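Let's take a walk through this structure together, one residue at a time. Please have the view ready to rotate as we go.

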Amino acid sequence: MTTQTEQSNIPAVPAQMQGSHHWIITLELPGRLTSSLYGTWTPPAGATRHDVFTAIKNHITSANPDLAGANTMFFALEPNQL
């Protein structure tokens, strides 16, 4: 069975203010930490999926140096549309 709930207390950000792609990444330091993060981003023209992955992981690890040696358990990059 599927249910749908409306969360009216969460303000919607207009699509034009979001990135063109939605990403999710899960990083793990075995036995210590698992961290799942997500966001939106508009890659530069000509960027590959690998370029985006590397840029996102570098951004995360620069803000959280403890994750620099983390294993990537999951990464998804999809167009930010329904």
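What follows looks at a surface patch, a strand residue and a residue just after another strand.

Keep in mind that this is a predicted model. A good place to begin is the surface, where Ile24, Tyr38, Met73 and Phe74 make a nonpolar patch of about 450 Å². Of these, Ile24 belongs to strand S1, which covers residues 21–29. Ile24 counts as partly exposed because its relative accessibility is 32%, which falls between the 20% and 50% cut-offs.

Staying in strand S1, move along to Thr26. Is this residue buried or exposed? Thr26 is buried, because its relative accessible area is 13% and the limit for that label is under 20%. Its side chain makes a polar contact with the side chain of Ser36, at 2.7 Å. Leaving out residues up to four places away in sequence, Thr26 touches Thr34, Ser35 and Ser36, as well as Asn71, Thr72, Met73 and Phe74. Two of those names may look familiar: Met73 and Phe74 also help to make the nonpolar patch.

Now turn to Asn80, in the segment after strand S3 (71–79). With a relative accessible area of 29%, Asn80 is partly exposed. Which residues does Asn80 contact beyond its neighbours within four places in sequence? They are Gln18, Gly19, Ser20, His21, His22 and Thr40. With Gly19 there is a polar pairing to look for: a polar atom of the Asn80 side chain lies 3.1 Å from the backbone oxygen of Gly19. Finally, the C-alpha atoms of Asn80 and Trp23 are separated by 8.8 Å, although the two residues are 57 apart along the chain.

Notes:
Residues numbered from 1 in each chain as written. Predicted model: local features only at pLDDT ≥ 70, side-chain atom pairs only at ≥ 80, totals over all residues. Heavy atoms only, no water. Patch = residues over 30% accessible without salt bridge, like charges linked within 9 Å, V, L, I, M, F, W, Y side chains within 5 Å. Areas by Shrake-Rupley, 256 points an atom, 1.4 Å probe, with all protein chains shown as cover. Salt bridge = Lys/Arg side-chain N within 4 Å of Asp/Glu carboxyl O. Helix = DSSP H or I, 4+ residues; strand = E, 2+ residues; numbered from the N terminus. Buried < 20%, exposed > 50% of the residue type's maximum accessible area, 1.4 Å probe, protein only. Contact = heavy atoms within 4.5 Å. Polar contact = N/O pair within 3.5 Å; in protein donor to acceptor, adjacent residues only side chain to side chain.
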